[in-house]
Amino acid sequence: MIEPGGYIKDILGKSGGVSASAHGWVKTRRDSKGVSFLQLNDGSSFADLQIVIEAGSIEEELLKHVTTGACVRVDGDLVDSPGGGQTVELKAKEIYLFGEADPTTYPLQKKGHTMEFLRDIAHLRTRSNTFGSVFRVRNALARAIHNFFQRNGFLYVHTPIITASDAEGAGAMFGVTTLDLQNVPRVKEGDKKGHTDYSEDFFGKPAFLTVSGQLEAEIFALSFSNVYTFGPTFRAENSNTPRHLAEFWMIEPEMAFCDLAGNMALAEKFLKSVIAEVMDTCAPDLEFFNKRIDDTVLSTLDHVVNSDFVHITYTEAVQILEKSGQTWEFPVGWGIDLQSEHERYLTEQTFKKPVIVTDYPKEIKAFYMRSNEDGKTVRAMDVLAPRIGEIIGGSQREERHDVLVEKIVGQGLQLDAYWWYLELRKYGSAPHAGFGLGFERLMLYLTGMKNIRDVIPFPRTPGSAEF
Ligand code: 4AD
Ligand code: MG
């Protein structure tokens with residue numbers, strides 16, 4: 001029997017004088033006179049286990065195949081290490097070669113590859129130092145997020161991935177169909193004549209991959225008070241930027257009996273809590289990012305945890321941008337959607353910390369946001385972070401039935417598609433609010449990585465879905 005466990009992380013925590021058995025992939029091999037050293041890593045920690053192979057202790061023919069990338073098990077004696085950099089090392093007595101990696105073709109034979117190159121070998125990049133750290137941090141961040149909500153009494157709800165409703169009303173949805181695209185059934189008569197006949201499709205109507213679990217989370221909030229989702233979301237927008245994915249993960253808390261101020265307070269407390277927890281649990285990985293990727297990562301995270309976020313309204317933000325004297329690629333004026341250059345100016349130049357912008361013009365925000373008394377703005381909030389721009393988008397929701405009807409119609413959306421969403425405002429409506437955190441955007445922030453494609457295992461972007 002081979003059981004899971006026996007992690008290198010745990011072996012590294014022991015002291016010398018015991019026998020041990022480790023499996024993993026050879027990161028590097030160094031040969032000197034009479035002795036070879038392997039750096040063995042199984043992904044359980046940033047640190048490798050050093051394997052010492054004394055000449056004659058392992059059969060030469062076998063040892064030839066123990067090269068960078070090979071997968072092995074090493075049995076031996078754990079001894080206190082005389083060299084710097086590690087406290088213990090494993091003196092090999094026996095080596096089992098599970099899988100060799102031909103040094104003449106193994107793509108990670110050498111170090112120093114570009115991120116672009118590594119992206120093309122997403123099946124192997126997970127063995128590099130950088131991606132080892134990225135995915136350990138990703139795991140720790142997911143755990144910290146669940147911990148935060150569970151500690152605070154939020155119910156975890158699994159919202160659907162296939163849906164008939166457009167949660168953002170923005171139309172950037174991937175269709176889901178089993179219709180034969182070579183031979184699409186057509187409506188035979190009536191005013192829809194010639195259109196696709198969705199009554200023959202799997203769900204009997206058009207269906208899509210969800211852009212957000214919010215609307216369904218609202219159903220649950222109006223029964224369980226505080227809930228959150230954590231799942232994949234999909235957007236068919238053709239944005240080829242370092243901050244956009246077609247498939248990304250979103251965390252969406254939704255709170256009954258909560259207004260915009262409460263929503264902002266929760267978002268700040270939440271971000272500080274999860275960042276602090278990851279700093280606590282992934283120190284060696286974050287130190288690596290600080291050394292190799294971006295030397296401001298640690299100081300920035302420290303600063304975020306220990307400073308208060310700035311609160312400004314959209315109108316104030318536009319005034320700051322107008323007075324800045326900057327030349328913008330996208331000109332600034334009341335009514336424009338803030339672009340990444342504007343968001344970064346506010347967070348990096350003006351305030352030098354996260355900024356929460358509220359009360360945006362209703363024309364540029366989704367139909368479900370609560371209208372303000374001025375008739376022009378809605379109770380929206382975007383949390384903007386230095387280097388990244390928008391990291392969270394949220395709002396207080398429109399809980400008044402008649403106002404919501406007007407807003408749906410006013411945005412040119414189909415009223416009947418939202419019948420159940422409207423009924424929530426008819427039966428036991430309550431003030432409520434929530435937000436969505438882009439998981440990979442926060443990952444960019446935590447790691448200092450420059451491209452969102454490098455903080456998700458298998459990125460989906462326009463024209464690219466290989467793995
Ligand atoms: O601002 P968004 O569109 O908000 C919503 O979807 C709301 N329903 C959330 C809510 O109130 N429950 O998206 C939320 C966050 C953004 O702030 C951003 O961080 C991230 O999701 N995001 C993306 N991340 C990666 N790639 C994309 N294409 C993204 N689009 C949005
Ligand atoms: Mg947004």
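**Ligand 1 and the two domains**

Author: In this predicted model, a backbone N or O atom of Gly 438 sits 3.3 Å from an oxygen atom of ligand 1. Local features need pLDDT of at least 70 and side-chain atom pairs count only at pLDDT 80 or more, while totals for chains, interfaces and linings use all residues. Residues are numbered from 1 along each chain as its sequence is written, and side-chain values use heavy atoms, with hydrogens and water left out.

Reader: What makes the Gly 438 pair a polar contact?

Author: A polar contact is a pair of N or O atoms within 3.5 Å; within protein, one must be able to donate a hydrogen and the other to accept it, and residues adjacent in sequence count only if both atoms are side-chain atoms. Gly 438 and ligand 1 are at 3.3 Å, so the pair qualifies.

Reader: And why does Arg 235 count?

Author: A polar side-chain atom of Arg 235 lies 2.8 Å from an oxygen atom of ligand 1, so that passes the cut-off too.

Reader: How do you know which residues are near ligand 1?

Author: Near means that a heavy atom of the residue lies within 4 Å. There are 24 residues around ligand 1, and Glu 168, Gln 214, Arg 235, Glu 252 and Glu 390 come nearest.

Reader: Why say there are zero salt bridges between domain 1 and domain 2?

Author: A salt bridge needs a side-chain nitrogen of Lys or Arg within 4 Å of a carboxyl oxygen of Asp or Glu. The rule finds zero across that interface, though two residue pairs are in polar contact there.

Conventions: Chains are lettered from A and ligands numbered from 1 in the order in which they are written.
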